[in-house]
Amino acid sequence: MGDLARVNTNVAALRAFFTLSNINDKIALSQRRISTGIKVNSASDDPAVYFAIKKTRRDIATLANKELNIERGINFLETSSSKLDQVSELLLEMFTLANTANAGGVSSAEKQAIQTDIIQLKEEVEALLQSGVSATIYSGFTIGGLENVSLTGSAAPTLAGLTIESADLVVTGTTTSTTITNLSTALDRIVKDNQKVGSYVRRLQFEIADARSEKADLQATLSTIQDADIAEEQLELTKLQILQQSALAMLAQANAAPQAVLVLFQ
């Protein structure tokens, strides 16, 4: 009779119970995967894959943060470019006024009026260049992949670097031609600086496109190693549930088998 004759330890029942326990653990794992949609929910499920998932998530978070920083950088530079556009328009207006004052037949009173207008426009140019954004792009900054970048010319955004201080903008005397030259030089400087800002923006646009592409690739990789195949998991769960019912039936039979020894006492 073998094991059936030893009633103190029901070996067959123990084996059936062990099998049933394993099946129950697999059912719980499959149900968790289906409910979360994730293949590996804890390190104990698959340590190597769990590590790969966390590392990939970290890399995706890094790229997402980089993308956000670059977007802010582009917005910052475009704001600066807008300010430089305004400055160039003001300088062009001042240049036009200076040429008007240099024309023959312009009276002293008219030149004085032009002089007042030019000084007021100069004050607005100075306010624009000394605002926080422009001060940063002239003194240097770090955005995205651009490290320690600054515009050419004077390190400080002062009009002294552009030679258009009040003393350089006189149109009421005989120095109008010098003023015109100063304004022309300043306009060239601002236009070139704005062109450089545009180059920064263009470079950052390529950089953000690369970051987005890399992030999409990493997300696809993460999906491959992390996401559960719901159809496959449902098939596995169905199989396990059938095995669970079979194991329960066998456990019941194994528990009842030692009762056959009772015939020896009859």
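1. Starting with the overall order: going along the sequence, the protein chain reads α-α-α-α-β-β-α-α. In numbers, that is six helices and two strands. Bear in mind throughout that this is a predicted model.

2. A few whole-chain values for orientation. The protein chain has 266 residues, and 33% of them count as buried. About 15100 Å² is exposed, with carbon and sulfur atoms supplying 56% of that area. If you take contacts between residues at least 6 apart in sequence, 79% of them join residues at least 24 apart.

3. Now the helix pairs, beginning with H2 and H5. Helix H5 covers residues 176-226, and helix H2 covers residues 47-102. Their axes come within 7 Å and cross at roughly 165°. H2 is therefore roughly antiparallel to H5, given that angles over 145 degrees fall in that class. The crossing of this pair is left-handed. Sorted by class, the residues in the contact of H2 with H5 come out as 32 nonpolar, 14 polar and twelve charged.

4. Two residues help to picture this pair. Ala61 sits in helix H2. From Ala61 to Lys215 the C-alpha to C-alpha distance is 8.7 Å, although the two are 154 residues apart in sequence. Is Ala61 buried, exposed or partly exposed? Its relative accessibility is 46%, so Ala61 counts as partly exposed.

5. Thr179 is the other residue I'd look at, and it belongs to helix H5. Thr179 is buried, because its relative accessible area is 1% and the cut-off for buried is under 20%. Which residues does Thr179 touch, leaving aside those up to four places away in sequence? They are Ala98, Asp168, Leu169, Val170 and Val171.

6. H2 also packs against helix H3, residues 108-129. The axes of H2 and H3 come within 10 Å, and the crossing angle is roughly 165°. H2 and H3 are therefore roughly antiparallel to each other, and their crossing is left-handed. On the H2 side, the contact is made by Lys83, Leu84, Gln86, Val87, Leu90, Leu91, Glu93, Met94, Leu97, Ala98, Thr100 and Ala101. The H3 side brings in Lys111, Ile114, Asp117, Ile118, Leu121, Lys122, Glu124, Val125, Leu128 and Leu129. Together these residues divide into 14 nonpolar, two polar and six charged. One to click on is Ala98, which takes part in the contact of H2 with H3 and is also touched by Thr179.

7. The last pair is helix H1, residues 11-36, with helix H6, residues 230-256. What angle do H1 and H6 pack at, and how far apart are their axes? The angle is about 160°, with the axes 8 Å apart. That makes H1 roughly antiparallel to H6. The crossing of H1 and H6 is left-handed. In their contact there are 17 nonpolar, seven polar and three charged residues.

8. To pull the helix pairs together: H2 is roughly antiparallel to H5, H2 and H3 are roughly antiparallel to each other, and H1 is roughly antiparallel to H6. For the handedness, the crossing is left-handed for H2 with H5, left-handed for H2 with H3 and left-handed for H1 with H6.

Conventions: Residues numbered from 1 in each chain as written. Predicted model: local features only at pLDDT ≥ 70, side-chain atom pairs only at ≥ 80, totals over all residues. Heavy atoms only, no water. Axes fitted to C-alpha atoms, helices over the stretch in contact; angles between N-to-C directions. Helix = DSSP H or I, 4+ residues; strand = E, 2+ residues; numbered from the N terminus. Parallel < 35°, antiparallel > 145°, perpendicular 65-115°, else oblique. Left-handed = near helix turned anticlockwise from the far one by under 90°. Contact = heavy atoms within 4.5 Å. Nonpolar A, V, L, I, M, F, W, Y, C, P; charged D, E, K, R; others polar. Buried < 20%, exposed > 50% of the residue type's maximum accessible area, 1.4 Å probe, protein only. Areas by Shrake-Rupley, 256 points an atom, 1.4 Å probe, with all protein chains shown as cover.
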